[in-house]
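Welcome! Please take a moment with the sequence and the 3D view below, and then read on for a short tour.

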Amino acid sequence: MNNLQELEKIQYELAKKLNLNDKIDINNIKTVAGIDTTFLNPWENPTKAISSIIVLDFETMDIIEEVFGEKEIDFPYIPTFLAFRELPSIMEAYQKLKTKPDIFILDGQGIMHPRKMGIASHFGVITDSVSIGCGKTRLIGNFKEPENKPMAYSEVYIKNQLVGYALRVKKNTNPIYISPGNNISVESSLKVIIKCIRNYKLPEPVRLAHNKLKDYLRLLS
DNA sequence: GCGACAG
DNA sequence: ATCTTGTCGC
């Protein structure tokens, strides 16, 4: 059996542990975190991965805590296996967190994935946390284009199963793709992301996690 | 069989 | 996925 088949098997096993019901009351969220990863050289392998986790106050979107993780990685980017490239450095950051937020939002897919195990679901299952995937482009799934107006959205299906939404945050911008990671429902995932949108296309937790990585990289050089 | 394919 | 600048379309 080749490597990728073994990794697929891991994904299928993790998917058995998925919970697509709300584990928390989404009307009483106190804190939310954004997670993002970059690389010293994004087009090389092996290279060093750097991840950030930014914890925010859910109401004000003010930063409460920020941690970073670094890890040498030797796994290339392969579509549907992103977690095996990015999770090691994410876990380095995760173990530094002093306070565990109510929800994590990851840059990438949740169950909008061929084996229901995008990076947001993978992270959510192995940490048993509430997680949501928020991707900037599509990996898999069928949907009709949302109307070209602010906050228009449409349902995304995989084989007749509703797995998430395409959400057009602003007019004339491409939609973002939202799906549950773990311990949250499809519908609640959309509601939470909408409440995290401020003045930009991306929800604040993910946007700030990305910006903080830029700052961090600038400090290294 | 072929094309598409998160970051 | 980076980085920087300018430019175009609504």
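## Before we start

A residue is called buried when its relative accessible area is under 20%, exposed when it is over 50%, and partly exposed in between, using a 1.4 Å probe and counting protein chains only. With that in hand, here is a first example: isoleucine 119 has a relative accessible area of 4%, so it is buried.

This is a predicted model, in which local features need pLDDT of at least 70 and side-chain atom pairs count only at pLDDT 80 or more, while totals for chains, interfaces and linings use all residues. Residues are numbered from 1 along each chain as its sequence is written, chains are lettered from A and ligands numbered from 1 in the order in which they are written, and side-chain values use heavy atoms, with hydrogens and water left out.

## The protein chain as a whole

Chain A contains five helices and eight strands; these are DSSP runs numbered from the N terminus, with helices (H or I) of at least four residues and strands (E) of at least two. Read from the N terminus, the order is α-β-β-β-α-β-α-β-β-β-β-α-α. The radius of gyration of chain A is 16 Å, close to the 17 Å that the globule rule gives for 221 residues, so the chain is as compact as a globular protein of that length. That radius is taken over C-alpha atoms, and the rule is 2.2 Å times the number of residues to the power 0.38.

Along its principal axes, the C-alpha trace of chain A spans about 45 × 40 × 35 Å. Of the 221 residues in chain A, 53% are buried. A contact means heavy atoms within 4.5 Å, and among contacts in chain A between residues at least 6 apart in sequence, 64% join residues at least 24 apart. Chain A exposes about 10800 Å², with carbon and sulfur atoms supplying 50% of it; such areas come from the Shrake-Rupley method with a 1.4 Å probe, and for residues only the protein chains shown count as cover.

## A helix on the inside

Eight of the nine residues of helix H3 (residues 119–127) are buried, so H3 is largely enclosed by the rest of the structure. The buried residues of H3 include Ile119, Phe123 and Val125. They pack against helix H1 (3–15), strand E1 (31–39), helix H2 (83–94), strand E4 (103–107), E5 and strand E8 (176–182). Just after H3 comes aspartate 128, with a positive phi near 45°.

Isoleucine 119, which belongs to H3, is in contact with Leu82, Ala83, Glu86, Leu87, Ile90, Asp107, Gly108 and Gln109, leaving aside neighbours within four places in sequence. Isoleucine 119 and aspartate 107 are 12 residues apart in sequence, and their C-alpha atoms are 8.3 Å apart.

## Two loop residues

Histidine 113 sits in the loop between E4 and H3. Its relative accessible area is 2%, so histidine 113 is buried. A polar atom of the histidine 113 side chain lies 3.3 Å from the backbone nitrogen of methionine 117.

Glutamate 147 is in the loop between strand E5 (131–135) and strand E6 (152–158). Is this residue buried or exposed? Glutamate 147 has a relative accessible area of 51%, so it is exposed. Apart from neighbours within four places in sequence, glutamate 147 is in contact with Ala152 and Arg168.

## Meeting the DNA

A residue is near a strand if one of its heavy atoms lies within 4 Å of it. DNA strand B is surrounded by 18 residues, the closest being Tyr77, Thr80, Ile119, Lys136 and Thr137. Of the atoms of DNA strand B within 4 Å of the protein, 51% belong to sugar or phosphate and the rest to bases. A polar contact is a pair of N or O atoms within 3.5 Å; within protein, one must be able to donate a hydrogen and the other to accept it, and residues adjacent in sequence count only if both atoms are side-chain atoms. One such pair joins a polar backbone atom of threonine 80 to a base nitrogen of DNA strand B at 3.2 Å, while a polar side-chain atom of threonine 137 lies 2.8 Å from a phosphate oxygen of DNA strand B.

DNA strand C is surrounded by Pro42, Trp43, Lys136, Lys171, Asn172, His210, Lys214 and Leu217. Here, 36% of the strand's atoms within 4 Å of the protein belong to sugar or phosphate, and the rest to bases. A base nitrogen of DNA strand C is 3.4 Å from an N or O atom in the side chain of tryptophan 43.
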